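Please look at how the chains of this model are built, how they meet, and how far each part can be trusted. The report below takes confidence first, then folds, then contacts.

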Amino acid sequence: MTSVDVTAAIDAAPVPTPTFWRRAQASRSLMIGVTIVGLIVLAAILAPVISPYSPDQQDLYHILGGISSKHLLGTDDLGRDELSRLIYGARTDILVGVLAIVFPFCFGTMMGTIAGYYGGRIDSVIMRVVDVVIAFPFYVLVIALVFVVGPGIRGIFVAFAVADWVVYARAIRSATLVVRESNYVAAAQAGGLSDARILRRHVLPNTIAQAIVYAMSDIVLVIVAVVTLGYLGLGVQPPTADWGSMISAGQDYLTTNWMLSTLPGIAVVITGLGLSLIGDGLADVLRPE
Amino acid sequence: MSAVAVDTVLSVRDVTVSVLRGDVRYTAVDAVSFDVPAGRALGLVGESGSGKSLTLRALMSLLPPAARLEAGSVHLAGDELPRGVKQVRRALRGRMAMIFQDPLSALDPVQAVGNQIAEVPRRVHGRSRRQSWERAVELLRLVGIPDAPRRAHAYPHELSGGMRQRVVIAIALATEPSVLLCDEPTTALDVTVQAQVLELLDDLRSRLQLAIVFVSHDLAVIRQLCEDVCVMYTGRLVETGRTIEVLERPLHPYTLGLLDAIIDLDDPVGAPQPIPGALPELERLPGGCTFHPRCFLATEECTTTVPELSPARGAAPDRASACIHRDRLISP
Amino acid sequence: MSGPDERTLSRRELVKVGAAGAASVSVLSIPGLGRAASLGRLGAAREDVTRGGTLKFARSIAPTTLDPANTIIAGDIYTLDKIFEPLYITTVAGKLKPWLATGYTVSKDQKTFTFHLRPGVKFSNGKPLTAEDVVFSINRAAKDKQGPLSFLDFAITSLEAKGKSKVVAHLSSPWAPFISDISVFANAIMPANFGGKSQTEFFKNPVGTGPFTVKGFKPNASSLTLKRNPHYWQAGKPYINAVDFLFVDNDNQRLLQLRGGQVQAIDLVPPSQVASLKKDSKLHVGLYPSWQVDLLVLNEKLAKFADRNVRRAITHAIDRNALVHAASFGTAKPGGSFFPPSLQYYSAKTPTLAYSVSAAKASLAQSKFPKGFSTELLIDGGVQKWQTFAQIIQQQLKVIGINVTLRPLDHASFEQAFQKFDYEMFIDYAINDITDADEMASFEVDFQNGGSSSYWSSYDNPTAINLVRQAEAEFNPAKRKALYAQIQSIVAQDAPFVPLDYPPYIYAMSKKLQGFNVNPGGAYRLEGVWLT
Amino acid sequence: MLRYTARRLAAAFFVAFGVTVATFLLLHLAPGDPARVVLGERASPQALAALRHQWGLDSSLGSQFTRYLDGLAHGNLGTSFINKTSTSSLIRDRIGVSAALVALATVFAVIITVPLASFAAVRKDRAADHIVRALSVAGIGFPAFWFGIVLIEVFALRVHAFPVGGWGSSTETHLRSLVLPALTAAFAIVPILVRSLRVGMIEVFNADFVATLRSKGLGERRVLAHVMRNALIPTLTLLGINVAYLIGSTVVIERVFDLNGLGSLLLTAISQRDFPVVQSVTLVLAIGVVIVNFLTDVIAAELDPRIRLE
C-alpha cells in the first residue's frame with residue numbers, strides 16, 4: 001500500500017493567524033496599563049513633593065470648599081485639601097496593596113511548587129488546606145481576621161497573608177504539574193540534579209510567569225478590599241488618607257459635594273483598570289504560542 | 001462545461017468563497033465545479049488550507065463567520081439550491097449530510113449518542129420518541145456498532161475514535177441523504193480503524209446508492225474509495241479525472257509533487273521528494289499560476305497567465321488539467 | 001437642715017411650679033372640680049386633622065428594654081415614653097405640666113406631697129389607673145438602686161395610696177427639684193405588680209397609660225411597631241393608627257430613607273445635612289432647643305487624666321469655635337460651661353478655659369506628662385458628627401503632643417465600654433431630661449449619688465459635691481442660682497470633661513407629618529401628630 | 001453518578017470539618033481575654049474566672065474543641081456575649097435575608113452575564129466584543145459598595161423605583177428591597193463571569209458539533225438549545241467558584257443597603273467583639289459555600305457526564 005500523509009512530508013503549511021494584530025493589541029493594553037499605573041505610582045512616590053498641602057492639615061473655617069485656585073479639587077468636611085488626600089491616598093492604598101500580596105505571592109508559590117512537584121501525600125495535605133481556606137468567602141475571612149488582629153494596616157496584612165496565598169498555590173501547582181512531566185525536568189532528574197536545583201533552575205522559571213500575571217489582578221482585588229475595609233471602618237484608620245475612608249466620609253455629602261466620594265472612587269477604578277490591563281497584557285505576551 | 005448528466009445527483013458550478021482577513025476579503029475558493037453521480041465517490045485532494053473543506057462547508061451552508069459564498073450554484077438531483085442560509089438548510093434536509101474530521105468534537109459531549117441520532121427522526125421527520133430511538137439503534141447497527149441497543153446510551157467520550165466516527169456517520173445517515181459530504185473523516189483515526197471506516201463508507205455507497213464527496217490530503221485513502229478525483233491548490237481545481245488515471249499519469253506538476261512526496265512501498269529505492277517551498281498564504285498569492293514559485297516546469301508565461309482547467313490532448317476524455325505545460329507531462 | 005420660713009417656702013414653691021407648669025390653676029383645684037377643665041384642655045382632639053395612617057420613623061438606636069426604671073439610653077427612653085406616662089411632664093416650652101396627676105398639695109414642712117390623680121385615666125388593658133399603681137411604680141423606680149436615675153428619687157422615704165385617687169409621698173428632707181424629678185420618664189406609671197405578670201413577661205407586652213401599645217417586644221430588633229391605644233385618656237387621640245419605628249444606625253442611610261420617601265421622619269440628622277435638606281421642598285428640618293451638652297470625657301482612673309493640668313491642657317487645646325463651625329454648620333453654640341445656656345441656672349459668667357495653644361502647652365508642661373502621651377478616643381462610630389468631632393480633636397491634640405487613636409464602636413458596645421470604664425477618652429452627649437438643673441449637676445458632678453460616677457469620668461471634688469447637695473435643699477431661686485454658678489466655675493477650672501458644644505435636636509421629616517415637636521429634654525410625644 | 005456524588009459529598013464533609021476547626025481556632029487566635037472584653041477593665045478576678053469557667057475557656061484546647069463539636073452536633077452554636085441569646089436563633093432570624101440576597105444576586109449575575117458573554121462571543125473581535133471586554137476589565141477594579149451607592153442615588157433617590165434600604169414588611173416589599181442590593185452583589189462577580197464565560201462560549205460556538213447539528217437539518221432554536229446546555233456547564237462551574245466571593249460581597253452590601261442579614265450581624269458582632277457570633281456567622285457562611293460548591297459540582301456532573309470521570 002502506498003501511504004501516507006502528504007502534509008507530513010510537505011513543509012508544514014503555515015496557519016495564517018493574525019499574530020501581529022494580537023501582539024500589537026497585547027502590547028497596547030500593556031502599554032496603557034503601565035502608563036496609567038506608572039503615573040499613579042509616580043504621584044504616590046512624589047506625594048510629599050507634589051501635594052499642595054499636608055493631607056492631615058485641617059482648615060475648619062474652609063470646609064467643603066469647592067474648586068478654587070488654592071484647592072484645585074476643593075476641600076473635604078474638615079477643610080483638608082482633597083487633591084493632597086487623593087495623592088496620599090494613592091500612597092497608602094498602593095503601598096498596602098503591593099505589600100499585602102508579597103507574603104501570599106511568595107508563600108503561595110512555594111506551597112504550589114512543592115505540592116505540584118512532589119505530589120502524593122504532601123500535595124494532598126497542602127491542597128486540602130487550600131480547599132478549607134477557599135471555602136471561606138473572601139471578605140468574610142478578611143473581616144474575621146481583621147477582627148482577630150484589630151483594624152488597621154497590620155490587620156490587613158495578616159488577613160491577606162492568611163486568605164490570599166491559596167490562589168497562588170492553586171495556579172502554581174497546576175503549572176508545576178505540567179512542567180514536571182516535561183522532558184527537560186526528566187532529563188535533569190536523570191542527570192542527578194538536586195530537587196532544590198531543579199525547582200530553582202527548571203521549574204520555577206517556567207511557572208512563575210503565571211503567578212506574576214495573577215499578582216497584577218490580585219493587587220486590584222487587594223486594593224478594592226482595602227478600600228472596602230476602609231468603607232466599613234475596619235481598614236486604614238484616620239487620619240491617614242485612604243481612598244476607602246474618603247469614599248465613606250464623602251458619602252454623606254453626595255448631594256452637595258459629590259466630588260468628595262466620587263473622585264476617590266474613580267481613582268480606585270482607574271488604578272484597577274491600569275493593573276488589569278497590565279495583567280492582561282502580560283498574560284498575552286507570556287502565553288506560549 | 002458539460003451539461004448536467006442525467007444520473008448526476010450533486011452538481012456544483014463555479015462555487016466561489018471569500019474569507020475576511022483583517023479588513024480585506026480574499027478569494028479562498030475560486031470557481032470550483034464538479035458533478036457526482038449516484039453511487040459514486042468523488043475525492044477532493046490537496047494540502048491543508050487549499051480550500052477543500054471550505055468548499056464542502058459552502059455546499060452545506062456551514063461556512064465560518066469570516067467566510068462568505070460569493071458566487072456559484074449547487075444542484076441537488078436537478079433542483080437548484082436556493083440562496084440564504086436558512087433556505088439552503090431547509091432544502092438540504094434529507095438530501096445531503098456531512099461528516100467531520102474529529103468525531104469527538106463533532107458530537108455534543110453532553111448527550112448520549114442514541115439521542116443525538118434519534119433527534120433527527122424525532123425533530124426533522126416528526127417520528128415518535130420510540131420510533132426515533134429504534135431508528136437510532138438500527139442506524140448504529142447499520143454502521144457496524146456491536147451491541148447497538150446498549151451503546152446507544154453511551155456518551156461520546158465513552159466510545160473509541162472509530163466508534164465515534166461510526167456514530168457521526170449514523171447521524172448523517174439518519175437524515176436519509178442521497179449525498180454524503182465527508183471532511184477528512186479518517187484523518188484523526190488509527191490506520192486500521194481508518195480502513196474499517198473506509199470499508200463502511202464504501203459499503204454504504206453501494207448499498208444506499210450514496211453520492212459521496214470525500215475530502216482528504218491522503219492520496220492513498222482517495223485511491224481506496226473514490227473513482228473520481230479533483231486536485232485542489234489555493235482554492236482552484238488544478239486537475240480532475242478518474243482516480244486511477246490521475247494517480248498513474250498526473251497531468252499537473254502539483255499532482256506529481258504530491259505523488260513524489262509519498263513513500264512508494266512498491267519502489268523503496270526512490271526516496272520521497274518533498275515539494276519545495278510552502279503553500280502560499282491567502283494574502284500573498286502569486287500572480288499567474290499560483291503554483292509557479294514551487295514548480296519545476298515554471299516558465300515566464302506561468303507568472304502572468306492564469307491557466308484554465310481544460311481537457312488534455314491525448315489523455316482520457318474526462319481528464320482535465322490547469323497547467324499550460326500539461327502536454328509536456330504526457331509521456332509514456 | 002435649717003429650713004427657711006415655711007410659709008414663704010410654700011408660696012415660692014407654688015409660684016415656681018405655677019410658673020413652670022401651664023396648669024397652675026389645677027394644681028390647687030379640687031380634683032372633682034378641675035376634671036372638666038383639665039380634660040377639656042389636655043384631651044381636646046382637634047377636628048381639623050387627618051386621622052389614621054402609620055407614621056414611619058427611622059431612628060438611630062434600637063431599644064434594648066422598655067423598663068423605664070432601668071435605662072438612660074435614648075433609644076429606650078423615646079420608645080417607652082410612648083407607652084408609659086409619668087404624673088407630670090415637661091412641655092415643649094420646657095415647663096412642667098400635670099399629666100396623670102391633676103395637681104398636688106404640699107405640707108408646710110415641704111416633706112409631704114399629695115398628688116391628685118387624673119380621673120378617667122385607663123391603662124391600655126382597659127383597667128383604670130389607681131393610686132396603688134402609682135405607689136408601685138415610683139417605689140420601684142426609687143428603691144431599685146440598680147436604676148441609673150434612682151438618684152432622682154433619693155429624697156423619697158415612703159409612698160402611700162390614699163383611696164383610689166390620691167398618692168402621698170413622704171420625703172426625708174425638703175427637696176427642691178421634687179416635682180421635676182417626678183416628671184422623669186423613670187417615674188412613669190405602670191400597673192401595680194405588673195398586672196400580675198412576671199417582670200420579664202410584662203416588659204415584653206407592656207401595659208401603660210400612654211397613647212401607644214407594643215406587643216412582643218424584642219431588644220435590638222430592626223423595627224418596632226407601636227399601635228394606637230384605644231383606651232387612651234385623651235379622647236380622640238392619638239390621631240395616627242400606628243408608628244413604625246425603624247432602627248437604622250447609619251446616619252446617611254437614615255437620610256436616604258427619608259429622601260427616598262420610605263420614612264416620614266428621622267432623628268439625629270447630621271448638622272452637615274441641614275442646609276441641603278432645607279432645600280428639599282418636600283421636607284421640613286426641625287431644630288429644637290435642647291438641654292444638651294456634648295462632652296469629651298476624660299477617664300480620671302488613668303494617671304494621665306487624674307492630672308488636673310493635663311485636663312486643663314486638653315480643654316485649652318480644643319478650639320470649640322472652629323469645631324462648631326466645621327462640625328455643626330451653625331446649628332450649635334460652642335461649649336463653655338457644662339450647663340447648656342438654655343438650662344435653668346446656667347451662668348454666663350463661668351470662667352471657662354479658652355482655646356489657646358500656648359496656654360495648653362503651658363498647662364501640659366506643668367503636668368507630669370510634659371512631653372505629651374498617646375491615648376485613645378472612644379466614639380459611637382455610627383454617628384457622623386462624632387467622627388468629625390473625633391478627627392478634629394485628634395488633630396488639635398496632636399499640636400500639643402497628645403497622639404490620639406480613634407476607637408469607633410457601634411452604639412451598644414460604645415455605651416457598655418465607657419460604663420465599664422473601658423476607655424481613655426470618649427465623646428458623648430448629656431441631656432437634662434427634666435426642668436430642674438439638679439439632674440445634670442448630680443449626674444456629672446456628684447460622684448457618689450449622681451448615678452454615673454460623674455459621667456463615668458470618676459471626677460470627685462468634695463467641694464463641688466457639697467454645693468450640689470446644698471442646692472438640692474435650697475428653695476430660694478437666687479441662692480440656688482449662686483450655688484450653681486459656683487459649681488459651674490469649679491467644674492470649668494477642674495476640667496473633668498470638655499464641654500464641646502450645645503447642639504439643638506435636629507429632626508427631619510416629610511411635610512406630610514404635622515404637629516411634631518420636641519421638648520428641651522429631648523422627648524417627643526406622638527399622640528398629637530397627624531399625617532396629611 | 002452516585003459514586004461521583006458520594007465522592008464529592010465526602011470531600012465536602014472533609015472541607016466542612018476543616019472549616020469548623022479553622023473557625024474554632026479563630027476564637028483562640030484572637031488576642032485579649034474574651035471574658036475581660038465582656039466584663040470590662042474593673043472586673044474582679046473571681047468574676048473573670050467564673051465567666052471563663054462558664055465558657056470553658058479554662059479547660060484544654062482539645063476538650064474545648066470536643067465541647068464545641070458536641071454543641072454543633074446539637075445545633076448549639078454558642079451564646080452571644082452581648083444579646084445573651086443563642087447565636088443560632090440570631091442566625092435563624094437573619095439567614096433568610098442573606099440567602100434571598102445571594103439567590104437573587106446569582107440570578108441577576110446569570111441574567112447579566114449570559115447575554116453579555118454570548119454577545120461578545122458571537123461578535124468575537126468586533127467592536128461589541130472589545131467594549132464588553134473593556135467593561136469587564138474596568139469592572140474588576142470597581143468596589144461593589146460604591147456601585148451600590150451610585151444605584152441608590154439613581155434608582156432610589158432620583159427615580160423612586162426602589163427603596164434606598166431596609167427590608168420592608170411584605171413579600172412584595174422584601175423583593176423590591178432586594179433588587180438594588182442584589183444588582184450590586186451581582187455586579188461584584190459579573191466582570192469575572194463575563195470574561196470566563198466569553199472564552200467558554202467561543203469554544204462551544206466553534207465546536208464542530210454545532211456544524212453536525214446544523215448538518216442534521218435541525219432548526220436554529222434546537223441548535224441553540226444544545227449550545228446553551230453546553231455553555232451552561234462552564235457557567236455553573238464558574239458560579240460555584242465565585243459564589244464564595246459573592247457571599248463575601250453581600251456582607252458589605254448589606255451594610256450599604258441597611259439589610260439585616262448575616263453580613264450586618266457579622267459586622268455588628270465584630271464592632272461589639274461578640275466572639276461567639278463572629279465565630280458562628282463565619283462558620284455558617286463558609287458551610288454555605290461548601291454546600292453551594294457541592295451542589296454545583298453535582299449538577300454540573302449531571303449535565304456533563306465527562307466530569308464524573310475526573
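pLDDT is the predictor's confidence in each residue, on a scale from 0 to 100. It applies here because this is a predicted model.

**Confidence**

Chain C has a mean pLDDT of 88. In that chain, 92% of the residues reach 70 or more. Confidence varies between its helices, as the table shows for the two extremes.

| Helix of chain C | Residues | Mean pLDDT | Rank in chain C |
|---|---|---|---|
| H1(C) | residues 6-20 | 32 | lowest |
| H11(C) | residues 308-317 | 97 | highest |

Residues 1-41 of chain C have a pLDDT below 50. In the model, this stretch still has 58 contacts beyond near neighbours in sequence. For the model as a whole, the ipTM is 0.73 and the pTM is 0.77.

**Chain A**

Chain A has 11 helices and 0 strands. Read from the N terminus, its elements run α-α-α-α-α-α-α-α-α-α-α. The chain holds 289 residues, and buried residues make up 52% of them. Take the contacts in chain A with a separation of 6 or more: 69% of these join residues 24 or more positions apart.

**Chain B**

In chain B, strand E1 (residues 8-21) runs antiparallel to strand E2 (residues 24-37). The two strands are joined by 10 bridges. Within this pairing, Val17(B) stands opposite Val29(B) of E2(B). E1(B) and E2(B) form a hairpin, with 2 residues between them. Gly22(B) sits in the turn and has a positive phi of about 65°.

**Between chains**

There are 5 pairs of chains in contact. Chains A and D share the most contacts among these pairs. On this interface, 35 residues of chain D are in contact with 34 residues of chain A.

Which helices of chain D supply at least two residues each to the side that touches chain A? They are H1 (2-29), H6 (127-140), H7 (144-158), H10 (220-256), H11 (262-271) and H12 (275-303) of chain D. H10(D) gives the most, with 8 residues. By class, this side of chain D has 28 nonpolar, 5 polar and 2 charged residues.

Chains B and C are another matter. No contact joins chain B and chain C. Their closest C-alpha atoms lie 49 Å apart.

Methods. Residues are numbered from 1 along each chain as its sequence is written. Chains are lettered from A and ligands numbered from 1 in the order in which they are written. This is a predicted model: local features need pLDDT of at least 70, side-chain atom pairs count only at pLDDT 80 or more; totals for chains, interfaces and linings use all residues. Helices (H or I, at least four residues) and strands (E, at least two) are DSSP runs, numbered from the N terminus. A residue is buried if 20 or more other C-beta atoms lie within 10 Å of its own, exposed if 12 or fewer, and partly exposed in between; C-beta atoms are placed from the backbone. Two residues are in contact if their C-beta atoms, placed from the backbone, lie within 7 Å. Ala, Val, Leu, Ile, Met, Phe, Trp, Tyr, Cys and Pro count as nonpolar, Asp, Glu, Lys and Arg as charged, and the others, Gly among them, as polar. Two strands pair if DSSP finds at least two bridges between them.
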